[in-house]
Amino acid sequence: SFQEKHLPKRRATSEETSYPVVTGVGVEWPDEEVTFQKACAAWRKVERLQEQRQSQKIEFGSGPVCLVFVADLHLGSSGVNYPRVFDEARIIAETPGMYLVLNGDLLDNFILAKMMDARHDAKLTIPEEWALVRRYLKVIQHKLLVSVRGNHERWTWALSGIDYFADVLKPIKARAAIYDTDDVSLTLRVGKANIPTRIRHLWRYRSMWNLTHGPEQTFRMDGGNFRLAVGAHTHASGVCRGFNAGGAQGMAVLCGSYKVVDEHARRWGFPTANGSTAQSVVIFPDGFMVGIERLDIAADLIQKLKP
């Protein structure tokens, strides 16, 4: 190098050969082994949870039974038909053989900054919205089998890291129920029939031309791992639609909304929904399913069918 050829070599001084004592805070990293053990413990917890999710069941000794799927109550909105919400809750609570599955968006919960304009015309506070949720849960608690969180409940978790919906649900629910933040897979056993079922608030592969295209397309994409699929979220209409589940009878359910006057839908020009809210599926001991879009008719039918 240039230095080796042209510059004289210099000896290190005593100051350069000795190193000062430094006391203070340096670079700190988590201990590698401790972190590895912590990560393994977290994985084992997730692994156990996943195993439980894959073996969930609801078993009825005999049939037929009627499952009612309810979503998009949007309690807190002034455009919600509150008498209908609680009248239908009473029907579910009082009808033998009828059971409830909740599929998200029980309240408006407009708490994100980007949604502040939606709160300008709100007549109820956020605590009052949750008070209505608790009132509803108390009416139907002994009939509730499954509950899935919607995107509106998720906003509380997004801001705080607290699943407040789960906190509200836990002390109210009198009997065991399945709960999930996003997606429930389970086996319904009615008599000797086993019906693989999947319930989630929002499905991918939606289509404006086919209201239940999401679950039907998911059936094809995921290898056909269910016969009964339930969605919500769109407010498009309440509908029960049969589909070919790999040579077996399939039923795709889309819950309707109780939000009759929807300013968001009005602003964006969404088509008017059919007015159907809760969707019912009567399941027979041989596995045959009948979808009904009116709750009062479903209640009459299951009472006539029950021995």
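**Leucine 67, a hairpin and helix α8**

Leucine 67 is buried, with a relative accessible area of 3%. That is under the 20% cut-off for a buried residue. The model is predicted. This briefing covers leucine 67, then the β11–β12 hairpin, then helix α8.

**Leucine 67**
- Strand β2, residues 65–70, holds leucine 67.
- Leaving aside neighbours within four places in sequence, leucine 67 is in contact with Phe60, Tyr99, Leu145 and Leu188. Its contacts also include Gln279, Ser280, Val281 and Ile283.
- Leucine 145 is 78 residues from leucine 67 along the chain, and 9.2 Å separates their C-alpha atoms.

**The β11–β12 hairpin**
- Strands β11 (residues 279–283) and β12 (residues 289–292) run antiparallel. Four bridges join them.
- Isoleucine 283, one of the contacts of leucine 67, stands opposite methionine 289 in β12.
- Five residues lie between the two strands of this hairpin. Glycine 287 takes a positive phi there, near 95 degrees.

**Helix α8**
- Helix α8 spans residues 164–172. Its buried residues are Phe165, Ala166, Val168, Leu169 and Ile172.
- Viewed down the axis of α8, these buried residues fall within an arc of 160 degrees, so they line one face of the helix.
- Lys170 and Pro171 are exposed, on the other side of α8.
- The cover over the buried residues of α8 includes two helices, α6 (126–140) and α7 (151–160). Strands β4 (144–148) and β5 (178–180) are also among the elements that cover them.

Technical notes
Residues numbered from 1 in each chain as written. Predicted model: local features only at pLDDT ≥ 70, side-chain atom pairs only at ≥ 80, totals over all residues. Heavy atoms only, no water. Pairing = 2+ DSSP bridges. Buried < 20%, exposed > 50% of the residue type's maximum accessible area, 1.4 Å probe, protein only. Arc of directions from axis to C-beta. Contact = heavy atoms within 4.5 Å.
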